[in-house]
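Colleague: I am new to this one, so could you show it to me and take my questions one by one?

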Amino acid sequence: MGQGTLTIYSASAGSGKTYKLTSIYLAHLFRSRYSYRKILAVTFTNKATAEMKSRILDHLHKLANGENSDYLSDLVKSTGRTEEWIRNESKEILNSILHDFSRFSVSTIDSFFLKVLRAFAREVGLHSGFSIELDHTAILSTAVDEMIASATADNQLKNWLITYAKSNIEEERAGI
């Protein structure tokens, strides 16, 4: 991954995304000790964010303390360095991250965009103390209402809605 490169990984549940992302993240750390300051790792859920942060720190700790790590052989291959060097460097990287934790950025896409919005709050006309509240039910209800209202002017949408409604009625009758 070069400077200014956006890399997106997409995979299904249980396919090893967190393992792979952690492996890539660690490889970057061992190429440049302070690269965590330049990497933004974004996931969709708080659980995935916590798991990835935890894995990175846990495996750096394991490596630094001579314990077994699932990532050691991959790091030896990707860096071309010895196990001893990786273990010594792990101590330095872990120490750097822990003393500069605010720049260790693994977050959800929601919290990332909130940081961006807060950074530009004044420019977009928001007060600095704004808060965001999402009522998914209200948003979904409004979206459905607007879609149904627009169906009067859009025959294709109207026909799709009628077909969808008939399909649901048939499924109910069939007990599906």
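What follows is a short conversation about this structure.

Modeller: Before we start, this is a predicted model, in which local features need pLDDT of at least 70, side-chain atom pairs count only at pLDDT 80 or more, and totals for chains, interfaces and linings use all residues. Residues are numbered from 1 along each chain as its sequence is written, and side-chain values use heavy atoms, with hydrogens and water left out.

Colleague: In what order do the elements of the protein chain run from the N terminus on?

Modeller: Helices (H or I, at least four residues) and strands (E, at least two) are DSSP runs, numbered from the N terminus. The protein chain has seven helices and two strands. Their order is α-β-α-α-α-β-α-α-α.

Colleague: What radius of gyration does the protein chain have?

Modeller: The radius is taken over C-alpha atoms, and the globule rule is 2.2 Å times the number of residues to the power 0.38. The C-alpha atoms fill a box of roughly 70 × 50 × 25 Å along the principal axes. A compact globule of 176 residues would come near 16 Å, but the protein chain has 24 Å.

Colleague: Which elements give two or more residues to the largest nonpolar core?

Modeller: Such a core is a set of buried Ala, Val, Leu, Ile, Met, Phe, Trp, Tyr and Cys residues joined through side-chain atoms within 4.5 Å. The largest has 22 residues, and Tyr 25, Leu 29 and Leu 75 are among those with the most contacts inside it. The elements you ask for are α1 (17-31), α2 (46-64), α3 (72-79) and α4 (83-99).

Colleague: Is Ser 107 buried or exposed?

Modeller: Ser 107 lies in strand β2 (residues 106-108). Leaving out residues up to four places away in sequence, Ser 107 touches Leu 40, Ala 41, Val 42, Thr 43, Thr 49 and Phe 112, where contact means heavy atoms within 4.5 Å. Buried means under 20% relative accessible area, exposed over 50%, partly exposed in between (1.4 Å probe, protein chains only). At 7%, Ser 107 is therefore buried.

Colleague: And Leu 140, is that residue buried or exposed?

Modeller: Leu 140 is found in helix α6. Its relative accessible area is 57%, so Leu 140 is exposed.

Colleague: What share of the 176 residues of the protein chain counts as buried?

Modeller: Ser 107, with its 7%, is one buried residue. Across the 176 residues of the protein chain, the buried share is 27%.
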